[in-house]
Amino acid sequence: MTGGELSQHFANGNGLIPLRDAFSRRSAVMPFRGKQRLPSDSFQSAWQELLSSPCPPRKRLAYIHVPFCANHCLFCGFYRNAYVPDAGADYTDLVVEEIQHDARSPALRSNPIQAVYLGGGTPTALSATELSRIITTVRAELPLAADCEITVEGRIIHFDAEKIDACLEAGANRFSIGVQSFDTTVRRRQGRRASREEAIRFLEDLRDRDRAALVIDLIYGLPGQTPEIWQQDLHTAAGIGPDGIDLYGLNLIPGTPLSAAIAAGKFPSTPALAEIGGFYDAGADFFRRRNWRQISNNHWGRTTRERNLYNLLIKEGADCIAFGSGAGGSIGEVSYGLTSDLAQYREDLRADRKPLGMVTTSDALQPLRNLVTASFEIGRFDLARLGALAGGETVASLTELLRQWEGAGLLSLNDNLVDLTVAGRFWYANLISAFHDILENRLHSAVNAA
Ligand SMILES: C[S@@+](CC[C@H](N)C(=O)[O-])C[C@H]1O[C@@H](n2cnc3c(N)ncnc32)[C@H](O)[C@@H]1O
Ligand code: SF4
């Protein structure tokens, strides 16, 4: 590796403030790196082959996507379909059918499933009966581990006592509730209809049932969300006493209503990158003072009930069996996405086809890529583990880069143990992308030299 290839990943140092200045932009971790798309006409045969034999023992997850929402929140890139009761009932029939069909295959039966995630969209837009049917089917048909984490993702609006009870009775043991901000003005401006008081009442009720882990999602960097409002958001969320809290930096996604509104000058713009690190720092400091466990860069746990298993295992590259329109999963080196076109999803299932929109295979680097992602994601790792997969020469280059990042205030490196600072955790996706680039360059050089 040349010095230039390495130095392009160096962080800005020399007395600058790492949280603010380490890089000029925040990277995203690209899920499709190193993946080769199969031709569309081979999707079905690849799928059948995949399902036909048992898989080697590996950690395993299941994901069920519910692509409906009450409305399109301005900041969100996940919105696909408006929820209407008839569509929910029909969709539930299809998902149940899909699970029952695939569950019989040798591949799905071969390993226990450690965590199930019912995500969206908004699963809690479905009716109590629909939620219960999906969770009951998952538990009856899939080989769940005895301590399987079963998460239902939702929001406050339209999630009532009947639905909560239906989820609990069916076996859900974790709720991840998107709040984003408790400030009524900030919330409503983004299309979140419940007021601060309604949000708090709802969450306290869920907490008081004491029958499942409760996780609250907050976003920092929303328009109008000042540092003072952010402090209030943190205090309010922690004051409710949930089992865990996620803090996400706002990703201003092109094509979302928020992007369009800001571009048209109809909205105050979001905080500049230079200020965003301060919001993360305030959150990290808030939890450190209260002795919450930092489970990953964006997630803190208050109680031992919270494991965050699905999110941790997915980053490690665990197999993920996916169901539902718009879901994505992977088994071994094959990754797949299910069509987000509801009519196509229905038509494929009715014709006894898996509703595949995309099938890819990974290159030989994927296990190492996964290890890098999972390691930086939890903020502390042993470089020797990477070395065992990457080889000594590669680790020497990576170590040189880690030393530069250490000098720039992003981490400490002692006896092979890498420990990210708060700034390193804020910029973690940049660090992952740099490692992935370097590993790919080395792989390509080795292939070209051969
Ligand atoms: C897939 S979304 C579904 C959440 C749920 N439907 C709701 O409305 O709360 C899961 C979480 O992603 C986060 N999220 C969504 N859009 C985001 C964005 N543009 N930037 C940062 N975080 C975002 C939010 O915190 C949200 O709770
Ligand atoms: S934040 Fe949730 S409810 Fe709002 S559009 Fe996104 S997925 Fe739907």
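## Close-ups of a predicted model

**View 1. What surrounds ligand 1.** By class, the shell around ligand 1 in this predicted model is made up of seven nonpolar, six polar and three charged residues. That shell holds 16 residues, and the ones that come nearest are Arg 155, Gly 178, Asp 217, Tyr 248 and Asn 251. Looking for the secondary structure behind it? Three strands each give two or more residues to the shell: β6 (144-155), β7 (174-180) and β8 (213-220).

**View 2. The largest nonpolar core.** Here we've zoomed in on a set of 112 residues, the largest nonpolar core in the model. Leu 61, Ala 62, Ile 64, Val 116 and Leu 410 have the most contacts inside this core. Both domain 1 (3-27 + 366-445) and domain 2 (36-315) chip in, with at least three residues each. As a rule, nonpolar side chains in soluble globular proteins tend to be buried together.

**View 3. Ile 64 and its neighbours.** Which residues does Ile 64 touch, leaving aside those up to four places away in sequence? The list runs Val 95, Leu 118, Ile 134, Val 138, Phe 323, Gly 324 and Ala 327.

**View 4. Stepping back to the whole chain.** The protein chain has 19 helices and 18 strands, and its C-alpha trace spans about 60 × 55 × 45 Å along the principal axes. Its radius of gyration is 22 Å, which agrees with the value near 22 Å for a compact globule because the chain has 450 residues. Of those residues, 42% count as buried. As for contacts between residues at least 6 apart in sequence, 76% join residues at least 24 apart.

Notes: Residues numbered from 1 in each chain as written. Chains lettered and ligands numbered in written order. Predicted model: local features only at pLDDT ≥ 70, side-chain atom pairs only at ≥ 80, totals over all residues. Near = placed C-beta within 6 Å. Helix = DSSP H or I, 4+ residues; strand = E, 2+ residues; numbered from the N terminus. Nonpolar A, V, L, I, M, F, W, Y, C, P; charged D, E, K, R; others polar. Core = buried A, V, L, I, M, F, W, Y, C linked by C-beta atoms within 7 Å. Buried ≥ 20, exposed ≤ 12 C-beta atoms within 10 Å, placed from the backbone. Domains from an automatic or database assignment. Contact = placed C-beta atoms within 7 Å. Rg over C-alpha atoms; globule rule 2.2 N^0.38 Å.
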